[in-house]
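Colleague: Before I rely on any of the labels attached to this model, I would like to go through them one at a time with you and hear the reasoning behind each.

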Amino acid sequence: MSLLFNILAVTGSAMFAGVMLAIGVILGGYWKTLPAADFLEWFSQHSGLVMRAIPTVVIPTLIGLVGALWLDWSNSASRIIWLGAAGCILAVLAITMSYFVPSNAAFAAKTIAVDQVPGKLDTWLMIHNVRIALAMAASALGVWAISR
């Protein structure tokens, strides 16, 4: 059981980082080439495709982190590391809910003025990089917790 939770925690966090990296590098790079109105149109039509990928990596990540933390709770050093990994993923989810959900909804609804789109997209991508770093840190912390 421990092996399963460890695998889910580490690979889930790494996959989460990878999905977000692909969104940022591939889609973000593409979005920046589009005129603002075309970006809003693309986002309105296709943002659901991007959102489908997130639960497929978040759910295993959370299951793995909760299970690994539960099984290692009596080991104070491992518990602290797992809490750090869980904190990174919780921070990603908090940033997602507080910033990305409303921003994505505004992009999809085309309620952002066209002249404000480039700046908003730059901010979106910058904050998105923080989420990538946090998910990568969660995966690295998981490897550290396992290797102790």
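**Labels and the values behind them**

Modeller: Let us start with serine 13, which lies in helix 1, and keep in mind throughout that this is a predicted model.

Colleague: Why is serine 13 called buried?

Modeller: The relative accessible area of serine 13 is 0%, and buried means under 20%, so serine 13 is buried.

Colleague: What does the side chain of serine 13 reach, and at what distance?

Modeller: The side chain of serine 13 reaches the backbone oxygen of alanine 9 at 2.8 Å, and because a polar contact requires N or O atoms within 3.5 Å, that distance satisfies the cut-off. Leaving aside neighbours within four places in sequence, serine 13 is also in contact with Leu8, Thr61, Ile89, Ala135, Ala138 and Ser139.

Colleague: Serine 139 appears in that list; where is serine 139 found, and what makes it buried?

Modeller: Serine 139 is found in helix 4, residues 117-147, and its relative accessible area is 10%, which is under the 20% limit, so the label buried applies. A polar atom of the side chain of serine 139 lies 3.2 Å from the backbone oxygen of valine 10, and, with neighbours within four places in sequence left aside, serine 139 is in contact with Val10, Ser13 and Ala14.

Colleague: Which residues does alanine 135 touch?

Modeller: Not counting residues up to four places away in sequence, alanine 135 touches Ser13, Phe16, Ala17, Met20, Ile89 and Val92. Alanine 135 is also among the members of the largest nonpolar core that touch the most other members, together with Phe16, Met20, Leu65, Trp82 and Ile89, in a core of 20 residues. Helix 1, helix 2, helix 3 and helix 4 each give two or more residues to this core, and the largest share, 6 residues, comes from helix 3. A second, separate core has 18 residues, including Leu34, Val50, Leu121 and Leu125.

Colleague: Let us turn to tyrosine 99; why is tyrosine 99 called buried?

Modeller: Tyrosine 99 has a relative accessible area of 17%, and since the label requires a value under 20%, tyrosine 99 is buried. Tyrosine 99 lies in helix 3, and, leaving aside neighbours within four places in sequence, it is in contact with Lys120, Thr123, Trp124 and Ile127. Tyrosine 99 and isoleucine 127 are 28 residues apart in sequence, and their C-alpha atoms are 8.8 Å apart in space.

Colleague: What makes lysine 110 partly exposed?

Modeller: The relative accessible area of lysine 110 is 38%; partly exposed covers what falls between under 20% and over 50%, so lysine 110 belongs in that class. Lysine 110 lies in the loop between helix 3 and helix 4, and its phi is near 60 degrees, a positive value in a residue other than glycine.

Colleague: How do you know that leucine 40 is buried, and which residues is it in contact with?

Modeller: Leucine 40, which lies in helix 2, has a relative accessible area of 3%, and because buried means under 20%, the label follows. Leaving aside neighbours within four places in sequence, leucine 40 is in contact with Phe107, Lys110, Ile112, Val114 and Val117. The C-alpha atoms of leucine 40 and lysine 110 are separated by 5.8 Å, although the two residues are 70 residues apart along the chain.

Colleague: What is the volume of the largest pocket, and which residues are closest to its centre?

Modeller: The largest pocket has a volume of about 220 Å³, and of the 16 residues that line it, Met51, Ile54, Thr96, Asn104 and Arg131 are the closest to its centre. Helix 3 gives the largest share of the lining, 6 residues, and by class the lining has 12 nonpolar, 3 polar and 1 charged residues.

Colleague: Finally, what pattern does the protein chain follow along the sequence?

Modeller: Read along the sequence, the pattern is α-α-α-α, with 4 helices and 0 strands. The C-alpha trace spans about 55 × 20 × 20 Å along its principal axes, and 39% of the 148 residues count as buried. Of the contacts with a separation of 6 or more, 80% come from residues 24 or more positions apart.

Definitions and conventions:
Residues numbered from 1 in each chain as written. Heavy atoms only, no water. Buried < 20%, exposed > 50% of the residue type's maximum accessible area, 1.4 Å probe, protein only. Polar contact = N/O pair within 3.5 Å; in protein donor to acceptor, adjacent residues only side chain to side chain. Contact = heavy atoms within 4.5 Å. 1 Å grid on protein atoms, 1.4 Å probe; cavity = no way out; pocket = protein on both sides within 12 Å on 5 of 7 lines; lining within 4 Å. Points joined across faces, edges and corners; volume = space filled by probe spheres on them. Nonpolar A, V, L, I, M, F, W, Y, C, P; charged D, E, K, R; others polar. Core = buried A, V, L, I, M, F, W, Y, C linked by side-chain atoms within 4.5 Å.
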